[in-house]
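Biologist: I would like to learn how to read the packing of a model, going slowly from one feature to the next. Could you take me through it?

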Amino acid sequence: MKYVLGVDFGTLSARAVLLRVSDGAQVATAASGYGAYDVALPGGLTLRPRSCCAVPAEYRRALEEAVKETLRLANVAKEDVCGVAVDSTSMTVVPLTEDGAPVCEKPGFERVQDAYIKVWKSHSAEEEAQRIEAVAKETGEPFLRVCGHRVSSEWLYPKALETLHHAPAVYAAARYLLDCADWVNYLLTGKIARSVNSLGIKTFRRHDTGLPSAEFWRKVDENFADVNGKLDGRIALWGEKIGELTEEAARWLGLCPGIAVASGSLDGHSPLAALGMNRDGDLLLSIGTSNVQALLSDTYSEMPGICSMGVDTMVPGFSCYDAGQAACGDMLAWYMDNMLPEKEAREAREKGVSPHTLLSERAFAVPPDAQGLVVLDWFNGNRCPYARADLKARMDGLTLWTRPEHIYRAMVEATGFGSREIIENMEANGCAVRRIVACGGIAVKNPQLVQCYADIFGREIYVSALQNAAANGAGVLAATAAGAYPTLAQAMDAMSTKEFRAYTPNPDNKPAYDALFARYQRLCRETMEDAE
């Protein structure tokens with residue numbers, strides 16, 4: 001019996017799963033946490049506003065703990081593990097020196113913010129993003145047409161330019177700038193390899209022309225012309241073997257050296273492999289800290305209002321479209337942490353349920369628009385369609401009769417409206433959405449939210465009961481890289497989950513949600529006008 005490891009690096013933890021190669025059954029799983037610091041790093045280094053950083057040593061520790069505990073729980077021989085693959089949040093950018101060490105671990109850089117990992121939701125590079133976008137529009141750069149015609153401060157190049165502006169010594173010391181999954185793969189193999197999934201979705205790489213030219217970057221900043229050299233490395237497709245586990249990494253993780261290591265993946269996309277999504281019009285809706293919409297299509301469209309698109313950047317053989325919302329679960333968590341009255345918190349404790357469960361049950365016990373409240377979900381800026389981290393959220397319709405559950409429901413609805421706007425934009429630009437499959441902890445734990453989304457979309461949504469879909473998807477990629485299956489498609493057919501719960505839209509709710517969606521769109525336009 002053979003097994004593979006998939007490891008998912010989320011915003012706050014690494015989760016490993018061990019899967020049986022023959023059918024994808026999950027044998028064991030374990031997780032280990034790390035920090036995402038937005039005020040100060042553990043040593044006391046104060047961060048710039050809207051920054052979010054992480055410490056490489058914490059990621060390495062979490063990887064070791066999650067893998068070793070998974071193997072202990074599984075009680076299988078390490079010789080039976082034939083492959084490993086990693087997915088991660090993107091762009092979570094790690095600067096490395098020539099010898100492969102994180103810059104922050106080199107003498108003299110311990111107290112420099114830009115030497116640390118920049119987590120995906122670090123939005124402190126907004127000025128740099130707007131500079132890149134402005135120059136690209138002036139010069140008619142073709143890459144702009146495959147990144148939604150916008151530039152986000154979440155992406156690699158703005159973060160790199162921010163490093164140049166704030167810490168030129170760090171920029172100079174950084175021989176490589178790696179997305180998190182590619183960095184972890186370097187730890188495993190000792191080789192620099194770039195996943196086309198990351199490079200083609202969040203790094204302005206066109207499948208036909210490659211990365212933006214050095215001449216373009218010189219126009220952005222005369223000292224930035226060498227940035228493409230920091231993105232050196234082999235480019236690998238999904239499920240492609242990029243190397244083998246080194247002796248050192250094998251000792252560190254308790255595995256055998258020489259097992260296959262697959263190319264990395266974005267955490268919002270790897271569930272496609274675990275959920276068997278490989279057909280035209282398949283849209284993955286990952287509901288978590290943020291929301292991700294990933295679409296596979298036979299149609300090529302350089303559409304506006306998305307994060308990016310590319311060819312073969314997810315499941316090979318498709319044009320692949322990536323979009324998302326910068327806040328979902330963390331927006332609801334913010335409300336619980338900062339705004340929930342003690343009365344409701346105490347009631348939840350007494351009933352032995354989470355505050356989310358308490359408010360969801362109350363909020364969705366009545367028809368939509370019972371309170372006339374609409375929320376704009378830009379609590380962490382806007383990722384799609386505007387790619388502006390400086391945009392702010394709004395609430396419209398508050399009264400003395402507004403209760404906590406009304407606000408909670410309106411916030412949930414806002415995330416649904418934002419997703420609907422993204423889906424309708426994809427279809428308006430020629431890419432049909434034929435099937436929606438949702439995953440993520442929120443999708444599994446909060447059925448009221450998923451039903452709300454189905455009603456807002458007016459479409460059926462399928463939810464897998466599969467836990468850790470991202471890590472499971474990475475496991476399918478690992479099996480492909482290990483040669484357990486000739487193709488990724490065959491691995492997906494054998495190892496993906498077949499069990500889904502269908503949420504059917506309630507037609508009685510459509511008129512109310514259409515009216516609320518129109519108000520949401522109006523609030524979007526008004527907020528954008530105020531921001532200009």
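**Reading a helix and its surroundings**

Modeller: Helix α13 is mostly covered, with 21 of its 25 residues buried; please keep in mind throughout that this is a predicted model.

Biologist: What span should the 25 residues of α13 have, and how far apart are its end C-alpha atoms?

Modeller: The general idea is to count 1.5 Å a residue, which for α13 gives an expected 36 Å, and because the end C-alpha atoms are 36 Å apart, the two values agree. Following α13 comes G430, which has a positive phi, near 95°.

Biologist: How many aromatic pairs does a search of the whole structure find, and how are the rings of F417 and Y520 placed?

Modeller: The search of the whole structure gives 21 aromatic pairs. In the case of F417 and Y520, the ring centres are 5.5 Å apart and the planes meet at 45°, so this pair is tilted, as it falls between the stacked limit of under 30 degrees and the edge-to-face limit of over 60. Since F417 belongs to helix α13 (residues 404–428) and Y520 to helix α18 (residues 510–531), the pair ties together parts that are 103 residues apart in sequence.

Biologist: Are F417 and Y520 buried or exposed?

Modeller: The cut-off needed here is that buried means under 20% relative accessible area; F417, at 2% relative accessibility, therefore counts as buried, and Y520 is buried with a relative accessible area of 1%. Y520 also pairs with F517, and because their ring centres are 6.4 Å apart with planes at 15°, that pair is stacked. F517 and Y520 are 3 residues apart in helix α18, which means that about one helical turn separates them, and F517 is buried, as is Y520.

Biologist: Which residues form one aromatic cluster, and which charged end sits over the ring of Y171?

Modeller: One aromatic cluster is formed by F143, W155, Y157, Y171, F204, F216, W217 and F224. Over the ring of Y171 sits the charged end of K230, 4.4 Å from the ring centre, while the charged end of R175 sits over the ring of Y176, 4.5 Å from its centre.

Biologist: How many cavities of 30 Å³ or more are there, and what lines the largest cavity?

Modeller: The count comes to 7 cavities of 30 Å³ or more, and the largest cavity holds about 120 Å³ of space. Its lining has 15 residues, of which D369, A370, Q371, H406 and R409 are the closest to its centre. The lining of the largest cavity divides into 8 nonpolar, 3 polar and 4 charged residues, and α13 gives the most to it, with 5 residues.

Note on methods:
Residues numbered from 1 in each chain as written. Predicted model: local features only at pLDDT ≥ 70, side-chain atom pairs only at ≥ 80, totals over all residues. Heavy atoms only, no water. Phe/Tyr/Trp six-rings, centres within 6.5 Å; stacked < 30°, edge-to-face > 60°. Helix = DSSP H or I, 4+ residues; strand = E, 2+ residues; numbered from the N terminus. Buried < 20%, exposed > 50% of the residue type's maximum accessible area, 1.4 Å probe, protein only. Lys NZ or Arg CZ within 6 Å of the ring centre and 35° of its normal. Expected span 1.5 Å × (residues − 1). 1 Å grid on protein atoms, 1.4 Å probe; cavity = no way out; pocket = protein on both sides within 12 Å on 5 of 7 lines; lining within 4 Å. Points joined across faces, edges and corners; volume = space filled by probe spheres on them. Nonpolar A, V, L, I, M, F, W, Y, C, P; charged D, E, K, R; others polar.
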